[in-house]
Amino acid sequence: QVQLQESGPGLVKPSQTLSLTCTVSGGSITTIYYAWSWIRQPPGKGLEWMGVILSDGSTYYSPSLKSRTSISRDTSKNQFSLQLSSVTPEDTAVYYCARWVVAGPTHDYWGQGTQVTVSS
């Protein structure tokens with residue numbers, strides 16, 4: 001059973017960088033059939049896909065967030081991370097990490113989500 005768990009600060013000040021880590025168990029992040037996404041949901045709004053890191057370490061980002069987003073990984077810890085720079089209160093959301101089935105395409109396993117609030 002694959003499990004994903006987000007971790008990181010719940011409160012970030014405006015203009016700072018939001019950093020979250022997703023720890024994956026029950027499966028390797030280097031398996032070629034899967035990729036690993038970050039998705040967020042602002043209050044009262046729908047899900048927004050932010051970006052993905054593939055099994056070979058390649059990354060792809062939402063065009064609207066590309067200039068501020070970076071996804072990286074630590075294969076020794078089976079973790080991947082999100083950094084979102086220059087945050088504003090509009091970046092307040094529940095942030096999820098999820099596994100993307102490349103052949104699906106669909107996200108089949110999700111973390112429980114972590115609330116991040118941007119406020120001074």
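## A tour starting at Ala-35

Select Ala-35 and display its surroundings: beyond the residues within four places in sequence, Ala-35 is in contact with Val-52, Ile-53, Leu-54, Ala-98, Arg-99, Trp-100 and Val-102. The model is a predicted one. Ala-35 belongs to strand 4, which covers residues 34–41. The relative accessible area of Ala-35 is 0%, so Ala-35 counts as buried, the limit being under 20%. Draw a distance from the C-alpha of Ala-35 to that of Val-102: the two atoms are 6.6 Å apart, although 67 residues separate them along the chain.

**The whole chain**

Zoom out and colour by secondary structure. How many helices and how many strands does the protein have? There are zero helices and eleven strands. Read from the N terminus, the order of elements is β-β-β-β-β-β-β-β-β-β-β. The radius of gyration is 13 Å, close to the 14 Å that the globule rule gives for 120 residues, so the protein is as compact as a globular protein of that length. Along the principal axes, the C-alpha atoms occupy a box of roughly 40 × 25 × 25 Å.

Switch to a surface view. The exposed area is about 6200 Å², of which carbon and sulfur atoms supply 50%. Of the 120 residues, 38% count as buried. Colouring by charge shows 8 positive and 7 negative side chains, with the centres of the two sets 4 Å apart. If a contact map is at hand, look at contacts between residues at least 6 apart in sequence: 54% of them join residues at least 24 apart.

**The disulfide**

Next, select the cysteines. A search of the whole structure gives one disulfide. Cys-22 and Cys-97 form this bond, with an S to S distance of 2.1 Å. The bond links distant parts of the chain, since Cys-22 is in strand 3 (residues 18–25) and Cys-97 in strand 9 (residues 93–101), 75 residues apart. What is the hand of this disulfide? The torsion about the S-S bond of Cys-22 and Cys-97 is about 65 degrees, so the disulfide is right-handed. Both Cys-22 and Cys-97 are buried.

**Backbone exceptions**

Most residues other than glycine have a negative phi, and most peptide bonds are trans. The next three stops depart from that pattern.

Go to Gly-104 and Pro-105, which are joined by a cis peptide bond with omega of about -20 degrees. Pro-105 sits in the loop between strand 9 and strand 10, the latter being residues 106–110.

Then select Ser-15, which is not a glycine but has a positive phi of about 80 degrees. Ser-15 is located in the loop between strand 2 (11–12) and strand 3. Is Ser-15 buried or exposed? With a relative accessible area of 59%, Ser-15 is exposed, the cut-off being over 50%.

The other positive phi on this tour is at Asn-78, again not a glycine, where the angle is about 55 degrees. Asn-78 lies in the loop that runs between strand 7 (69–74) and strand 8 (79–84). Its relative accessibility is 15%, so Asn-78 counts as buried.

**Asp-74**

From Asn-78, step back to Asp-74 in strand 7. Asp-74 has a relative accessibility of 27% and counts as partly exposed, a class that lies between the 20% and 50% limits. Apart from residues up to four places away in sequence, Asp-74 touches Ile-29 and Gln-79. Draw a C-alpha to C-alpha distance from Asp-74 to Pro-14: the pair is 27 Å apart in space and 60 residues apart in sequence.

**Leu-11**

Finish at Leu-11, which is in strand 2. Which residues does Leu-11 touch, not counting residues up to four places away in sequence? The contacts of Leu-11 are with Thr-117 and Ser-119. A C-alpha to C-alpha distance drawn from Leu-11 to Val-116 reads 5.6 Å, for residues 105 apart in sequence. Leu-11 has 56% relative accessibility and counts as exposed.

Technical notes:
Residues numbered from 1 in each chain as written. Predicted model: local features only at pLDDT ≥ 70, side-chain atom pairs only at ≥ 80, totals over all residues. Heavy atoms only, no water. Helix = DSSP H or I, 4+ residues; strand = E, 2+ residues; numbered from the N terminus. Rg over C-alpha atoms; globule rule 2.2 N^0.38 Å. Buried < 20%, exposed > 50% of the residue type's maximum accessible area, 1.4 Å probe, protein only. Contact = heavy atoms within 4.5 Å. Areas by Shrake-Rupley, 256 points an atom, 1.4 Å probe, with all protein chains shown as cover. Lys, Arg positive; Asp, Glu negative; His and termini not counted. Charge placed at Lys NZ, Arg CZ, Asp CG, Glu CD. Disulfide = S-S within 2.5 Å.
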